Amino acid sequence: MTDILQSHRTNWQLLRSGTFIRSVQTRCRVTFPNLSGKQEKMPARQKKLVPDAQPPSMEDVKHLYQFFDQSTKLVVLTGAGMSTECGIPDYRSPNGAYSSGFKPITHQEFLRSTRARRRYWAGSYAGWRRFTAAQPGAAYVALASLEKAGRINFITTQNVDRLHHRAGSDPLELHGTVYTVVCLDCSFSFSRNLFQDQVKALNPKWAAAIENLDHGSPGSDESFGMKQRPDGDIEIDEKFWEVDFQIPTCPKCNGVLKPDVVFFGDNVPKERADRALEAAKECDAFLVLGSSLMTMSAYRLVRAAHEAGAATAIVNIGVTRADDLVPLKINARIGEILQRVLHFGSLSIPPLHS
């Protein structure tokens, strides 16, 4: 472990001397809301969702602090590891949805099968209340504070849960969001909450039965005895939706509606992908938080930043696709290490104004 840390230190010194230019700046100590130096106690269910990891070492904290402190045009890419700490499951971690044999709906399946759409929307309606009850954790709050203070230039997220927004950030949502519904025929889009109301109006008895169930706390498994999925839906036995469940259609053209997310098997819209790639190529530092980078849409961003000469780093529990690419890889819970980083020293940022 000493050799690995020493290698990181050497690479970082090379980056500092070869990539960054130090400038004289006024330094101040900034206190971030809801980020005491103490580690927050994590509910039992969230502990189950978040993979096991040792607390970050002082060397880890120091390296990540230096990474923030030396960057002048930092881009951050966030993934599901941010949200598991908030009670929302992921797909690929040891405790993720894939570990139970779950297979998410694909874009092609959604398009060709009315039955698949009914199954998806029934489970998504049923899981919506619990999914939206999740609150942004320490990692989200820390990033929003750094963004407002001008220490983060751009945030791209793979997450579809809008927890960044609820914390105060305004990221590029690479894979879209479940908070919007879009028509596949005319591209009209509208609020997911309105869609929920339409489902309820079309299926009043069914919706009442769903809403009378004890949904439990965010991340719990109480509803139907089934597990919540990363995109907010839960598995429901087909007897609850196969016969009578009706799906709303587009209010403009009567077309097919889907959540405005990039399902597996689909592509990120070109304009959105190009914007994320441009930000990666133009940054001087690129930080990955909570992503295994297994999807090409995410991996290509850190690769582009690396090839453009930016400093690169990853904080994630477990293996990532870019482990051999980046000089700094830290295996830690994101909320835990960011809290310690923000209390490690005085980042070169202006004071926050209320």
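These are my notebook entries on salt bridges, helix packing and backbone angles in a predicted model.

**Entry 1: overall make-up**

I began with the chain as a whole, and I found 13 helices and nine strands in it. Of the 354 residues in the chain, 55% are buried. I then looked up how the contacts are spread along the sequence, taking those with a separation of 6 or more, and 75% of them turned out to join residues 24 or more positions apart.

**Entry 2: salt bridges**

How many salt bridges does a search of the whole structure find? The search returned four, and I wrote down three pairs from it, namely E109 with R119, R162 with E173, and D323 with K329.

For E109 and R119 I noted a salt bridge between the side chains, with 2.9 Å from N to O. This pair links distant parts of the chain, since E109 belongs to helix 5 (residues 107-112) and R119 to helix 6 (residues 114-132), ten residues apart. I checked the accessibility of both partners: E109 has 22% relative accessibility and so counts as partly exposed, and R119, at 33%, likewise counts as partly exposed.

For R162 and E173 the closest N and O atoms are 2.7 Å apart, and the pair forms a salt bridge. R162 sits in the loop between strand 2 (154-157) and helix 8 (163-167) while E173 is in strand 3 (residues 172-173), so this bridge ties together parts that are eleven residues apart in sequence. Are the two partners buried or partly exposed? R162 is partly exposed, with a relative accessible area of 24%, whereas E173 has 13% relative accessibility and therefore counts as buried, the cut-off being under 20%.

For D323 and K329 I recorded a side-chain salt bridge with an N to O distance of 3.3 Å. D323 is partly exposed, because its relative accessibility is 23%.

**Entry 3: surroundings of A116**

I stayed with helix 6 for one further residue, A116, which lies in that helix. At 2% relative accessibility, A116 counts as buried. Leaving aside residues up to four places away in sequence, I find that A116 touches I105 and E109, and the latter is the residue that I had already listed as the salt-bridge partner of R119. The C-alpha atoms of A116 and I105 are separated by 7.9 Å, and these two residues are eleven apart along the chain.

**Entry 4: packing of helices 11 and 12**

Before turning to the helix pairs I reminded myself that two packed helices are described by the angle between their axes and the distance between the axes.

At what angle do helix 11 and helix 12 pack? Helix 11 (residues 270-282) meets helix 12 (residues 296-307) at about 30 degrees, and their axes are 8 Å apart. Because angles under 35 degrees count as roughly parallel, I describe helix 11 as roughly parallel to helix 12. Their crossing is right-handed. On the side of helix 11 the contact is made by A273, A276, L277, A280 and K281, and on the side of helix 12 by R300, L301, A304 and A305. Sorted by class, the residues of this contact comprise seven nonpolar and two charged, with no polar ones.

**Entry 5: packing of helices 9 and 10**

I next looked up helix 9 (residues 192-202) and helix 10 (residues 204-211), whose axes come within 5 Å and cross at roughly 115 degrees. Here V199, K200, A201 and L202 of helix 9 meet P204, W206, A207 and E211 of helix 10. The class count for the contact of helix 9 with helix 10 is six nonpolar, no polar and two charged residues.

**Entry 6: positive phi angles**

Which phi value does R162 have? R162 is not a glycine, yet its phi is positive at about 65 degrees, and this is the residue that I noted above as forming a salt bridge with E173.

L293, also not a glycine, has a positive phi of about 60 degrees. I placed L293 in the loop between strand 7 (285-289) and helix 12. With a relative accessible area of 1%, L293 is buried, while R162, at 24% relative accessibility, counts as partly exposed.

Methods. Residues numbered from 1 in each chain as written. Predicted model: local features only at pLDDT ≥ 70, side-chain atom pairs only at ≥ 80, totals over all residues. Heavy atoms only, no water. Helix = DSSP H or I, 4+ residues; strand = E, 2+ residues; numbered from the N terminus. Buried < 20%, exposed > 50% of the residue type's maximum accessible area, 1.4 Å probe, protein only. Axes fitted to C-alpha atoms, helices over the stretch in contact; angles between N-to-C directions. Parallel < 35°, antiparallel > 145°, perpendicular 65-115°, else oblique. Left-handed = near helix turned anticlockwise from the far one by under 90°. Contact = heavy atoms within 4.5 Å. Nonpolar A, V, L, I, M, F, W, Y, C, P; charged D, E, K, R; others polar.
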